Structures are given as structure tokens and as C-alpha cells.
Amino acid sequence: MARDYYDVLGVARDASDDAIKRAFRQKAKQYHPDANPGDANAETRFKELNEAYEVLSDEDKRAAYNRFGENWQHYQNANGDNPFAGGDIPFIDMSDIFETIFAGSGGRRRGRAGFQSAADFPRPGRHIEQDVHISLREAYQGTERVVSKDGREISVRIPRGAATGAKVRLAGEGHPGYKGGAAGHLYLVVQVGEDPQFERVEDDLYVDVKVDALTAMLGGSVDVPTLDRPARAKLRAGTQTGQKLRLAGKGMPKLRKGGEYGDLYARVLITVPTHLDAEQRARAEALRDSLR
């Protein structure tokens, strides 16, 4: 039996969309394959998280899941609970039922093309999902990937601001439909790798910045790296290690919100010199003694 999606994400059934998103991002970071190389259990958990988030982050899918549980796909579609709407639905042969209903009127109901059963109706093809891995810097700038499909190479644009779990749809590139039904779609599921310098939390970025002890004491300014170009930030006198400097609008681009960005937070790491000559040491000791 499939695990309950709410249990997978560790949220209550009445959890808000934001709570579901936060839970997914936290656990996805914990079990991401890049953070757990060679760990099959972590890979399995990561796939479960993606599956759960795909359903619970979609209003229609979540409603169907709440109503029908693990069989939600057999009933859910864009317009309601039609069990013949999706390509993932098992085929049900209705011929025996039709024979029973119309037995009193001479047997099977026939049209110009003969008896019509469920097998005579077109059905859409199933969707396909495929992971696509990008770096944080590629997510910031937007990037392209080439996907091979039936001997063809398709260039796909990954939009700026894409986060782990975001999907890019290639319409009609899924499984073919049945009896003329529309083909399914191919969904590329974005997986953003960890960056050695920046940490991402939703649309915000965090980075460590080294500040010398005297500048931290007296105040001043410091260069802060960003994913675009370095920026300058002011420090107040008496800045302590661990304090954060907020640079508004220097975070990640917000997906599908053109021109909007998250913020960047620079975490201060105060450094002290490791080698002093005699004169420097004497001055440092005098300063220390004067502050006591």
C-alpha cells in the first residue's frame, strides 16, 4: 500500500499550501541525491517526496486525493470525477453491461459501425515525467536542456527562478493516445543542485561574508557576493558574528513573476589576524586593556 502523502511530507491533512511547500523544501534538501550520494533509501524518500508534493500542491489533485485516497487518479480530471478522463485510468470493457441493458431490445445496440463499447472511444495518452538537473546559478539565469524523444532532440527552456519540484511541460510528447485520442504530455521535473557558496530558502539566498574585527567594531562597509555582481553592504559599529545583512532584491528571481526577486542575507563571520608583528601586538594589547 502506498504511503499517505501527508505522512510523507509530515503535515496535517488541513495544512496550508505554504506549510506543504515549506515541508517539501525542508525534506527535499535533506534527502536530495546530491546530498546523499549512493544512498538508495534517500533516493526512494526523495522520489516519494516529489510524488506527494506534486499531488498536494495542486488544488484539483489534492481534492481528488482527499476524497478517493490512493485511487485518486482513477477519478480525477480537470473537469470533475469522470473515470474515463485520464490516460492513467485502467480500461474497463463495458460490452457485457451494454448486452444486459439492451437484451430486451434484440441484443447488442448497434450503430452504423456496429456495437459500441468503451473500447470504441478514443482515450488520451498517459503523461511521462522525467527529472532534469540544473545548478543554482542556472536556476538564477534560466537555462536550456536537450531532451531525446523518439530519436528527436528537443531543446527545452528552463525558466529563471525554477526550484526543485517545478515542472516544465512539453505538450503532446507523452504516450500516444488510443484510437485517435490526444497524446499525453512530457513533464520535466526540475531538480536544483546544492551550491557551494549560496544557500537557497524559497526565493531568498544566504551567503557567509568575512569581516575583519576592526571593521566589525568601528562600522564600515563590506563586499557581498551575489549571483549577479558583487554588492556593497554597510555595517553598524559593534556588528557581531552571526548577524545578517539584508540586501533587498538580490535573491532568486520569482518564478512567473517577472521582475520580482527574493532577498539575499549576508551572515557575518568576524575574522581576526593570525600573525602580528611586535608593534601591532603592542597596539592590540593597549586597545584590549583600554576596553576592560
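This text walks through two helices, two sheets, a hairpin and a pocket of a predicted model.

Start with a pair of helices. Helix α3 covers residues 40-56 and helix α4 covers residues 59-68. Their axes come within 6 Å and cross at roughly 100°. Angles of 65 to 115 degrees count as roughly perpendicular, and that makes α3 roughly perpendicular to α4. On the α3 side, the residues that meet α4 are Glu54, Val55 and Leu56. Their counterparts in α4 are Lys61, Arg62 and Tyr65. Sorted by class, this contact of α3 with α4 has 3 nonpolar and 3 charged residues, and no polar ones.

Next come the strands. Strands of a sheet pair through backbone hydrogen bonds, and the pairing can be parallel or antiparallel. One open sheet is formed by 3 strands in the order β3-β7-β6, with mixed pairing. The edge strands are β3 (128-134) and β6 (167-170), each of which pairs on one side only. Direction ignored, neighbouring strands of this sheet are turned by 25° against each other on average. Within the sheet, β3 and strand β7 (residues 186-192) run parallel and are joined by 7 bridges. To find one of these pairings in the model, look at Val132, whose bridge partner in β7 is Val190.

A further open sheet has 4 strands, in the order β8-β9-β13-β12, and here too the pairing is mixed. Which strands stand at its edges? They are β8 (199-201) and β12 (244-247). Each has a single partner strand, so one side of each is left without a neighbour in the sheet. From one strand to the next, the twist averages 35°. The edge strand β8 is joined to strand β9 (residues 204-212) by 3 bridges, and the two run antiparallel. Val201 stands opposite Asp204 in β9.

Strands β4 and β5 form a hairpin. Strand β4 spans residues 143-149 and strand β5 spans residues 152-158. They run antiparallel, with 7 bridges between them. Arg145 stands opposite Val156 in β5. The hairpin has 2 residues between the strands, and Asp150 takes a positive phi near 55°.

Last is a pocket, the second largest, with a volume of about 510 Å³. It is lined by 16 residues, and the closest to its centre are Ala213, Leu214, Pro273, Ala284 and Leu287. Which elements give two or more residues to this lining? They are α7 (213-218) and α8 (278-291). Of the elements, α8 gives the most to the lining of the second largest pocket, with 8 residues. By class, the lining has 9 nonpolar, 2 polar and 5 charged residues.

Conventions:
Residues are numbered from 1 along each chain as its sequence is written. This is a predicted model: local features need pLDDT of at least 70, side-chain atom pairs count only at pLDDT 80 or more; totals for chains, interfaces and linings use all residues. Side-chain values use heavy atoms; hydrogens and water are left out. Axes are lines fitted to C-alpha atoms, for helices over the stretch in contact, and angles run from 0 to 180 degrees between N-to-C directions. Angles under 35 degrees count as roughly parallel, over 145 as roughly antiparallel, 65 to 115 as roughly perpendicular and the rest as oblique. Contact means heavy atoms within 4.5 Å. Ala, Val, Leu, Ile, Met, Phe, Trp, Tyr, Cys and Pro count as nonpolar, Asp, Glu, Lys and Arg as charged, and the others, Gly among them, as polar. On a 1 Å grid over the protein atoms alone, a cavity is a set of points where a 1.4 Å probe fits but cannot get out, and a pocket is an open set with protein on both sides within 12 Å along at least five of seven lines; lining residues have an atom within 4 Å of a point. Grid points are joined across faces, edges and corners, and a volume is the space filled by probe spheres set on the points. Two strands pair if DSSP finds at least two bridges between them.
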